[in-house]
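Hi everyone, thanks for making time this morning. I'd like to walk you through one structure, so please have it open on your screens as I talk.

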Amino acid sequence: MKNKWIRLIFAFGLVYAFSCEKELLTRADYADYTFASLDEKGGSWKPILLSGGNQISIPTPKDVSSDDYKNELAALKTAMANLTNDQKKAIEYWTNNPVLRWNEIALELAAKYNIIPQPNADGTYTLPDPANPSKYPQFPFAHPAYTSRALAYLSVAQFDGLVSAWHYKYTYNRKAPSDVDNSIIPAYAKTSLPAYPADGAVVAAASRDILTAMFPLEKEYLAAKATEHMSSLTWAGVNVKSDIDAGSTIGVEVAKVALARARTDGMSKAQTPKPISDSIKTAAFKRYGWQWDNMESPVRPVGLAPLFGKVKMWNVPNVEVVRPGPPPAPGSAEFNTAAKELQDIAKKITPEQRKIANWWSDGLGTYTPPGHWNRYVKDLLIEYKFNPLRSARTFAYLNMAVMDAGVSCWDTKYYYHYPRPIQAIPGFKTILGTPNFPAYTSGHSTFSAAASEVVAYVFPNEAQKARAWADEAAESRILGGIHYRFDAEVGITQGKNVAQYSLNRAKQDGAE
Amino acid sequence: MKNHFQYILVLAVLLSQLGAVFAQTPSDDLMMKKREICLAASYETGSWNQYWEGTRLRENANIGTFSREIIMPMFAYGITDKINLLAGVPYIATDATGGQLVGAKGLQDLGIAVKAELFNRQVGPGKVSFLTTAGFSFPVSNYLSDYMPFSIGLKTREVTLRGILQYRFDNGIYARGAFAHLWRGQSKVERDYYYNNGSYYSEWMDVPNALNYHGAVGVWLFNNSLKLEANYMAVHCLSGDDIRIYNAPQPTNKMSFDQVGFFGQYYFKGIKAIQGLGILAYYSKVIDGRNMGKFQSVGAGVTYQFKL
């Protein structure tokens, strides 16, 4: 009798507790797909950093009738006939649009490295040192500004590399292995895209080299990923060795060009020493009579990347042209209205408001707001079946616009040096952590508005939804108590303005 | 044996997804008679100013001293002399002296459990008893688990199966041990990406299962009116990740702790006007942990018991 009771309750409980267990995805759930278009003219599109698709040179490929090619084809067939389970998994993982996977890897690294340095025992702070990346605090601290830049270089290198690949594909028109030997059944949707050079290898090599520069401690992890990716092209039956070698050459060369720009774009000076940071603060105080202060314990002596606003922009001629006017002075009627709104929300936040605040928070330990938008765009690229070249183009314009938005926003933040609500409103507490930089304008709003404009341009059917998301992301910071409404509203306008510069360029790159 | 608030404390373990943080005697040998009811309420306050980040004990000035208050109404009922039904739901409020994050408060999880005495026999100079408890709990409010350390709970369903073994000498001295397995489900959070030693694209977080150990020695005095006990209790998660340096905890963490405590209770047996009334008080201190605050807590409660 009693045993039965116990068993019944226990069995019921187990079923109840686990009846709704969700499968937890660790990556985008997509398989290879047939591309909506091949963009045969893609080799003539205007790249971002290269002069054109022919700037990087690769060897003229051997003809498919040559012995060299036949040997390579035989090696491919042997590999395909002896696939291990791990090799089959690699084929499934990388798919025929690996641009998406490398973007996903970048987001994961951003989340892994988005950890803020802790104070030392004596109350001081040590900054990550790119010259000694493994020493705590590890380099990098992948905050939103850092991540926006890493993603921009990644996407630009992928895009330029693929323009180059497309140029040679349609210059040489070397067939895919399965078109040379019809006994070969490729693992991916069949396409008439010429095989030389391997677009997958371009993406693998360029992504590896850019991400290794951005996340130096991941060098070995990234090298292993790239090696597996390149090998998978043969295992999948889509590229022979010389396709892959030529693609790899383009990837390596285009990454060099991108990283040469990165070395001199001003990022290394963005995190200033305290005297410079103090002088920036003093200048703002002289100009406007207010200043932002870090409210942490112990106080962080320098805000996050005070000179990120001076980093070289991609498509805006100079940062001043997109700098908004000043915010209302603390204590003014307009300020008091905005402050009261925050206090009213905090007093009685609804479950819906709390969810919006958390949904867009993308704070420490996550892929940041730029990462969030990349993730959404990745899903759209899959939905719209974009080929790798057009995917890379979309990410390139997205991430240039987002990084430019970040540079502009940071310029504004440190130019006006405006206090956060927890500083300006006595006793105010929040449900989100307040970031270590001035309030005006809101980074989330600026990043998101810029991102949504690029989405609206590339996917007109998604424009309304994307802009609504950007508005919600902006609102989320008000609901979280860490931004005033004017930070968010001006940030949205600023992000839209900044994005236009990238979109004007996109409209003239030959892809329309 | 007419004291029943232990049920409550058993229940507190079943209910608390932090794993009986606020239960001083999570398991014992006591059973209510058929058709007896026990109503109880307790108040607990606890705090910490250090926490384990992984296995490293640290401070954080942006939290300062963290505090938690719990009000716990409970109910127990004797279905038969050998089978009891237990239920309860805590109201929890959290706060901190440092930083600018606001505390959380609300009703946590409703727990329901059945406890059965499977064995009770005189062996030598005392009695051996063996009992088992099966329970489950589920969140009853829209609190957020992904707001640690302020979250009031892990916001997931939990199933517990516990075995309790006690030897009680006829002179009132006893020793008891209990072992439980806690199966936890997933917790829905308010974002669809998080990092748990890798990317997760989901609104759900896996909350690790755990084992719960308990040991106690004590004595009943004054004709079974006063009970004094020293106890040890531990919850060890079976999986989970560690809090990353200076990062916030999250429900996927491997949260474990060991604590020691004292417990006392008194029944007003001789006074007819307050027949059925009892009081209790306890203290506990976490002595080791992982991804948990180093809590010290005190609690007190009243119980009232009657027959239908």
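I'll go through the domains, the core, the cavities, and then a handful of individual residues.

One thing to keep in mind from the start: this is a predicted model. Everything I quote is computed from that model.

Let's begin with chain A and its domains. The domain assignment splits chain A into domain 1, covering 42-55 + 65-263, and domain 2, covering 268-506. Between the C-alpha centres of these two domains of chain A there are 30 Å. How many residues of each domain are in contact with the other? On the domain 1 side of chain A there are 42, and they meet 44 residues of domain 2.

That brings us to the packing. The largest nonpolar core holds 183 residues. Its residues with the most contacts inside the core are W102(A), F159(A), L162(A), I210(A), F308(A) and W410(A). Which helix gives the most to this core? That is α14 of chain A, residues 388-416, with 16 residues. Domain 1 and domain 2 of chain A each supply at least three residues to this core.

If you'd like one residue to click on here, try W410(A). Setting aside residues up to four places away in sequence, W410(A) touches L304(A), A305(A), F308(A), G309(A), F437(A) and F447(A). You'll recognise F308(A), which, like W410(A), is listed among the core residues with the most contacts.

Now for the empty space. There are three cavities of 30 Å³ or more. The largest cavity has a volume of about 300 Å³, and 23 residues line it. Nearest its centre lie N96(A), T191(A), D199(A), V238(A) and N239(A). The elements giving two or more residues to that lining are α7 (199-214) and α8 (219-235) of chain A. For those of you thinking about the chemistry of the wall, the lining of the largest cavity divides into twelve nonpolar, eight polar and three charged residues.

Next, two residues in chain A helices. L73(A) sits in helix α2, residues 67-81 of chain A. Is L73(A) buried or exposed? Its relative accessible area is 8%, and the cut-off for buried is under 20%, so L73(A) is buried. What does L73(A) touch beyond residues up to four places away in sequence? The list is P177(A), V180(A), D181(A), I184(A) and V240(A). Take P177(A) from that list: it is 104 residues from L73(A) along the chain, yet their C-alpha atoms are separated by 7.0 Å.

The second one is S248(A), in helix α9, residues 241-263 of chain A. S248(A) has a relative accessibility of 16%, so it counts as buried too. Leaving aside neighbours within four places in sequence, S248(A) is in contact with A201(A), V202(A), A205(A) and M230(A). The C-alpha atoms of S248(A) and V203(A), 45 residues apart along the chain, are separated by 8.1 Å.

Before we leave chain A, a point about the backbone. The peptide bond from Y440(A) to T441(A) is cis, with omega near 0°. T441(A) is found in the loop between α15 (421-424) and α16 (443-458) of chain A.

Over to chain B, where another cis peptide bond runs from M148(B) to P149(B), with omega near 5°. P149(B) belongs to the loop between β9 (126-139) and β10 (158-169) of chain B.

The loop between β9 and β10 of chain B also holds K155(B). What is phi for K155(B)? It is near 45°, a positive value in a residue other than glycine. K155(B) has a relative accessible area of 19%, so with the cut-off at under 20% it is buried.

S141(B) is in that β9 to β10 loop of chain B as well. At 25% relative accessibility, S141(B) counts as partly exposed. Not counting residues up to four places away in sequence, S141(B) touches L107(B), Q108(B) and K155(B). The C-alpha atoms of S141(B) and D109(B), 32 residues apart along the chain, are separated by 7.6 Å.

Last stop: N224(B), in the loop between β16 (210-221) and β17 (226-237) of chain B. Phi of N224(B) is near 65°, again a positive value in a residue other than glycine. N224(B) is partly exposed, with a relative accessible area of 23%.

That's my tour, and I'm happy to take questions.

How values were computed
Residues numbered from 1 in each chain as written. Chains lettered and ligands numbered in written order. Predicted model: local features only at pLDDT ≥ 70, side-chain atom pairs only at ≥ 80, totals over all residues. Heavy atoms only, no water. 1 Å grid on protein atoms, 1.4 Å probe; cavity = no way out; pocket = protein on both sides within 12 Å on 5 of 7 lines; lining within 4 Å. Points joined across faces, edges and corners; volume = space filled by probe spheres on them. Helix = DSSP H or I, 4+ residues; strand = E, 2+ residues; numbered from the N terminus. Nonpolar A, V, L, I, M, F, W, Y, C, P; charged D, E, K, R; others polar. Core = buried A, V, L, I, M, F, W, Y, C linked by side-chain atoms within 4.5 Å. Buried < 20%, exposed > 50% of the residue type's maximum accessible area, 1.4 Å probe, protein only. Domains from an automatic or database assignment. Contact = heavy atoms within 4.5 Å.
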